[in-house]
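User: I would like a close look at a single part of this protein, followed outward into its surroundings. Please take one strand and explain how it sits in the fold.

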Amino acid sequence: MSLPIPRGVSIDALRTASLSCQGCELHQAQPGSLSGPTQTVFSKGNPAARVVFVGEQPGDMEDRAGVPFVGPAGQLFDRAMAEAGIDPRQAYVTNSVKHFRFLQDRPNGRRIHKTPDATHVEACKPWLRAELTIVDPEVIVALGATAGRALVGPQFRVTRDRGKVMPWPPSGDAGFGSDPSRRRAVSLVATSHPSAVLRADNQEAAYKELVADLQLVARLLA
Ligand code: URA
């Protein structure tokens with residue numbers, strides 16, 4: 001399905017166009033679920049940023065607010081960024097998938113997060129590609145496995161690949177190919193997803209690793 005993606009426009013215009021996206025089934029209630037998401041959750045931050053952070057998909061609070069990373073994972077992420085010395089006003093933050101995928105099997109029941117499939121990531125990729133073309137960052141940070149696979153390909157493993165600087169786009173085809181309108185050489189750094197830090201058995205150690213990876217990003221931007 002072709003998406004309603006305008007070319008050569010601003011992030012604000014992309015965001016507006018994304019509100020009507022029906023590029024996959026996630027804009028509506030999923031089979032077995034009583035409700036669908038509230039809205040497309042596009043991005044936040046500075047469209048002229050030197051660093052772009054890519055998460056997985058909006059969660060429950062993000063879906064209600066229409067803004068990424070405002071819930072518990074977002075709060076942990078903000079704290080880790082501050083500790084690493086990255087100014088959030090100099091960052092652009094988005095997700096691999098722009099709709100909340102969840103299961104709600106009882107009226108007014110809890111909306112239980114479901115990881116997006118590769119098909120959802122692929123369907124949403126034209127938005128991410130358009131965002132990266134407009135922002136044209138020097139550094140891209142993949143937050144967790146879904147973002148890593150979206151940006152690098154199915155071979156990505158967060159345990160193996162986090163905390164390293166990789167050239168981007170990768171040599172295999174992760175769907176980003178060569179884009180003549182991207183002007184800069186880009187480095188990609190992968191790290192754990194803030195939600196994974198919240199779920200870790202040793203939360204303190206996982207948080208320290210996240211901060212160390214973000215300090216690496218801060219050094220690339222220095
Ligand atoms: N997790 C994500 O990956 N993105 C959000 O916006 C919130 C939680």
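Analyst: What follows takes strand E8 as the part to examine and then widens the view to the sheet, the whole chain and the ligand. The model is a predicted one, and everything said below should be read with that in mind.

Strand E8 covers residues 186-191 and runs parallel to strand E6, which covers residues 139-143, with 5 bridges joining the two. In this pairing, Ala142 stands opposite Ala190 of E8. As a general point, the strands of a sheet pair through backbone hydrogen bonds, in either a parallel or an antiparallel sense.

Within strand E8, Leu188 deserves particular attention. Is this residue, Leu188, buried or exposed? Leu188 has 24 other C-beta atoms within 10 Å, and because 20 or more are enough for a residue to count as buried, Leu188 is buried. Leaving aside residues up to four places away in sequence, Leu188 touches Ile140, Ala142, Leu151, Met166 and Trp168. Two of these partners, Ile140 and Ala142, lie within the residue range of strand E6, while Met166 and Trp168 lie within that of strand E7, residues 165-168. Leu151, for its part, is 37 residues away from Leu188 in sequence, yet the two C-alpha atoms are 8.8 Å apart in space.

Turning to the sheet as a whole, E8 belongs to an open sheet of 6 strands with mixed pairing, in the order E1-E3-E2-E6-E8-E7, which places E8 between E6 and E7. The edges are formed by strand E1 (43-45) and strand E7, each of which has a single partner strand, so one side of each is left without a neighbour in the sheet. From one strand to the next, the twist averages 25 degrees. Helix H8, made of residues 203-221, lies across E2, E6, E7 and E8, and it runs at about 170 degrees to E8.

The protein around this sheet contains 8 helices and 8 strands. Its radius of gyration is 17 Å, close to the 17 Å that the globule rule gives for 222 residues, so the protein is as compact as a globular protein of that length. Of those 222 residues, 43% count as buried, and among the contacts with a separation of 6 or more, 72% are between residues 24 or more positions apart.

Finally, the ligand is surrounded by 13 residues, the closest being Gly55, Glu56, Gly59, Glu62 and Pro68. The shell around the ligand is made up of 4 nonpolar, 7 polar and 2 charged residues.

Technical notes: Residues are numbered from 1 along each chain as its sequence is written. This is a predicted model: local features need pLDDT of at least 70, side-chain atom pairs count only at pLDDT 80 or more; totals for chains, interfaces and linings use all residues. A residue is near a molecule or strand if its C-beta atom, placed from the backbone, lies within 6 Å of it. Ala, Val, Leu, Ile, Met, Phe, Trp, Tyr, Cys and Pro count as nonpolar, Asp, Glu, Lys and Arg as charged, and the others, Gly among them, as polar. Two strands pair if DSSP finds at least two bridges between them. Helices (H or I, at least four residues) and strands (E, at least two) are DSSP runs, numbered from the N terminus. Axes are lines fitted to C-alpha atoms, for helices over the stretch in contact, and angles run from 0 to 180 degrees between N-to-C directions. Two residues are in contact if their C-beta atoms, placed from the backbone, lie within 7 Å. A residue is buried if 20 or more other C-beta atoms lie within 10 Å of its own, exposed if 12 or fewer, and partly exposed in between; C-beta atoms are placed from the backbone. The radius of gyration is taken over C-alpha atoms; the globule rule is 2.2 Å times the number of residues to the power 0.38.
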